[in-house]
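The following exercises concern the structure shown below. Each sets a task and then works through a solution step by step.

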Amino acid sequence: MRTADNTIEAPGAIILGAGIAGLFTALKLAPFPSVVIASGQSGRSGSSVWAQGGIAAAVGDDDSWSLHAQDTLAAGAGSGDARITELVAREAPQRIEDLLRYGVPFDRDSTGQLSLAREAAHSRARIVHVSGDRAGAAIMGTLSRAAAATPSIAMAGGFEAIELAIQDGKAVGLFARYGAGTDARLVLFRARAIVFATGGVGALYAVTTNPLESRGQGLGIAARAGALVADAEFVQFHPTAIAVGRDPAPLATEALRGEGALLVDHTGRRFMPAIHPAAELAPRDVVARAIHREIARGERVFLDCSDAIGDNFASRFPTVHAACVSAGIDPAKEPIPVAPAAHYHMGGIASDERGRSSIPGLWCVGECASTGLHGANRLASNSLAEALVFGALAAEDVRGSLVSESRNVKLPAPAATVAAAPPQRLRRTMSTLVGVEREQNQLRNALSVIRSLERASGGDPAAQNMLATARLITTAALLRRESIGAHFRRDHPQRAGNPARSFLTLQDAETIAANWPVTSRAAHDRNTQ
Ligand SMILES: Cc1cc2nc3c(=O)[nH]c(=O)nc-3n(C[C@H](O)[C@H](O)[C@H](O)COP(=O)(O)OP(=O)(O)OC[C@H]3O[C@@H](n4cnc5c(N)ncnc54)[C@H](O)[C@@H]3O)c2cc1C
């Protein structure tokens, strides 16, 4: 085990991540004590604060948990876990009640009922939202105020976690660094329960809608400690990121197409009607591939909202409006340039119905976990619902398995920590070789680049965590020789008829790369079940 400059004995649990999953877990744990560690600031870090549409939950009079579950399984191309899907669909409405109790100001209709929006592939209007497209910011503002007012929750911002401390096969602590340059220090947080809520992997790609904190660190840390990883190949690409050269790329929410906005090329020609009967409202992966192919043949693609939304743009979609105006585009009148961008990871640390990972003492919740809810493709607005449902379930499990202590935790003074950035070569490689469309030779080239970056990393643990995650995504994509949901293989464009989930450890991934192609078929059979 590493040696740290400082050891902190945390009473209760430590939670890594201060997005919706981390804060909700901490609130549900209270008054059981927890220390919430994050590289960013509470309420302002991670993807959660950027969420636009809202949360899916069967709360409408014409809706039911079973319809929500059916829609979720269909969007996941039949490869989701039916038991987990039922669990999330049944419990999501109670988690919305929790958010209302914390004070989240969800939009209401003229009768005072929750106002519900309908998004693509949902058979009912079931998305609760706040101020149009500002759900994430409003929810995170409310949760951070609630966490700050809860005495059992200690916030530790400005720490970059790099490694799990494992003793006798059990997670017993977390190494994190704080401060910058020669002042950087390493601290070991020791606790009897560790919950990862570290978000997604988007920033491992050159074009992403995710904040740069979403760089697969939690997944990499867990995988390097031996955790089982599920469905790593399933990365969702949002079709309509606003292509104005920003990193990360702002999002033009799907709701715009729901309102009738059209996808056109530079001449104003629509191309979606020739590709899918639902045209612009086809499943996300179909639209993303169509745009990707237009761009690959040198075309530019635009979202034209002028007829569908027009002058109401600023009031109906304030976040998208602000992003366009700051890039010199008036979206009420001018078409918005768009491109697909890495958006959501359906895969992650394999977890069970209580949020437990394969490592005793380590739970995982939110986007970093793979519960089996999303299958090969996520239904819009299901990720916040999943984070809430599993935050509550993991909290209950942690509370039930440990004895509460009431010690106060003493944290080092906050320091300016500069979290490691993903190498640009890795980001370009993931976008071009492990992106919207994949094929065997390109995936093998990506593994060679990852190998050379691993050698050049000089043992830096943050780089190794990101590279471990990239290796798992790429290897799982290589092993899945079929096209399903968000995973499209140009060399295997058909579905193999086997909607199995995939499971890999980092050690499996390394062995497979070293022995390819000899063991590839056997490895695939072993790792899909
Ligand atoms: C633009 C955008 C719009 C979206 N809209 C919706 C929507 O409308 N509905 C929906 O359901 N989903 C939406 N999503 C997806 C959803 O927002 C995310 O899946 C969800 O917020 C993830 O929450 P989380 O708590 O798991 O992770 P995050 O909110 O990403 O939080 C991760 C936390 O982990 C911390 N962290 C990570 N690694 C480390 C480390 N090594 N050391 C210390 N701290 C670390 C980060 O600082 C952060 O605090 C959207 C995503 C994006 C990007």
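## Exercise 1. The surroundings of Phe 196

In this predicted model, Phe 196 is in contact with Leu 16, Leu 164, Leu 174, Gly 218, Ile 221, Ala 222, Ile 349, Leu 362, Trp 363, Cys 364, Val 365 and Cys 368, when neighbours within four places in sequence are left aside.

**Task.** Identify the residues that touch the most other members of the largest nonpolar core, and state which helix gives the most to this core.

**Solution.**
Step 1. The largest nonpolar core holds 68 residues. Ile 14, Ile 37, Leu 164, Phe 189, Phe 196 and Tyr 205 touch the most other members.
Step 2. Helix H13 (residues 461-479) gives the most to this core, contributing 11 residues.
Step 3. Another core, of 53 residues, lies apart from it; Ala 21, Ala 26, Ala 138 and Leu 402 are among its members.
Step 4. As general background, nonpolar side chains tend to be buried together in soluble globular proteins.

## Exercise 2. A helix pair

**Task.** Describe how helix H3 (residues 82-102) and helix H10 (residues 382-401) are arranged, and what kinds of residue form their contact.

**Solution.**
Step 1. Two packed helices are described by the angle between their axes and the distance between the axes.
Step 2. The axes of H3 and H10 come within 8 Å and cross at roughly 90°. An angle of 65 to 115 degrees counts as roughly perpendicular, and H3 and H10 are therefore roughly perpendicular to each other.
Step 3. On the H3 side, the contact is formed by Ile 84, Leu 87, Val 88, Glu 91, Ala 92, Arg 95 and Leu 99. These meet Ala 385, Glu 386, Leu 388, Val 389, Phe 390, Ala 392 and Leu 393 in H10.
Step 4. The residues of this contact comprise 11 nonpolar, no polar and 3 charged.

## Exercise 3. The sheet of 4 strands

**Task.** Give the strand order of the open sheet of 4 strands, name its edges, and determine whether S13 is largely enclosed or not.

**Solution.**
Step 1. The order is S13-S16-S15-S14, with antiparallel pairing.
Step 2. Strand S13 (235-242) and strand S14 (262-264) are the edges; each has a single partner strand, so one side of each has no neighbour in the sheet.
Step 3. Neighbouring strands of this sheet are turned against each other by 45° on average, direction ignored.
Step 4. S13 and strand S16 (residues 336-345) run antiparallel and are joined by 6 bridges. Within this pair, Ala 241 stands opposite Ala 339 in S16.
Step 5. At the other edge, S14 is joined to strand S15 (residues 301-304) by 3 bridges, again antiparallel. The bridge partner of Leu 263 in S15 is Leu 303.
Step 6. In S13, 8 of the 8 residues are buried, so this strand is largely enclosed by the rest of the structure.

## Exercise 4. The sheet of 3 strands

**Task.** Determine the order of the open sheet of 3 strands and the pairing of S4 with S6.

**Solution.**
Step 1. The strands follow the order S4-S6-S5 and pair in the antiparallel sense.
Step 2. Strand S4 (55-56) and strand S5 (116-117) are the edge strands, each pairing on one side only.
Step 3. S4 and strand S6 (residues 127-128) pair over 2 bridges, and Ala 56 stands opposite Ile 127 in S6.

## Exercise 5. Backbone geometry in loops

**Task.** Locate the cis peptide bonds from Ala 30 to Pro 31 and from Asp 247 to Pro 248, and decide whether Asp 168 and Asp 231 are buried or exposed.

**Solution.**
Step 1. Most residues other than glycine have a negative phi, and most peptide bonds are trans.
Step 2. The cis bond from Ala 30 to Pro 31 has omega near 10°; Pro 31 lies in the loop between helix H1 (20-29) and strand S3 (34-38).
Step 3. The cis bond from Asp 247 to Pro 248 has omega near 0°. Pro 248 belongs to the loop between S13 and helix H6 (255-258).
Step 4. Asp 168 has a positive phi, near 50°, and is found in the loop between strand S8 (160-167) and strand S9 (170-178). Its relative accessibility is 83%, so Asp 168 counts as exposed.
Step 5. Asp 231 also has a positive phi, near 50°, and is placed in the loop between strand S12 (229-230) and S13. Its relative accessibility is 2%, so Asp 231 counts as buried.

Notes. Residues numbered from 1 in each chain as written. Predicted model: local features only at pLDDT ≥ 70, side-chain atom pairs only at ≥ 80, totals over all residues. Heavy atoms only, no water. Pairing = 2+ DSSP bridges. Axes fitted to C-alpha atoms, helices over the stretch in contact; angles between N-to-C directions. Parallel < 35°, antiparallel > 145°, perpendicular 65-115°, else oblique. Contact = heavy atoms within 4.5 Å. Nonpolar A, V, L, I, M, F, W, Y, C, P; charged D, E, K, R; others polar. Core = buried A, V, L, I, M, F, W, Y, C linked by side-chain atoms within 4.5 Å. Buried < 20%, exposed > 50% of the residue type's maximum accessible area, 1.4 Å probe, protein only.
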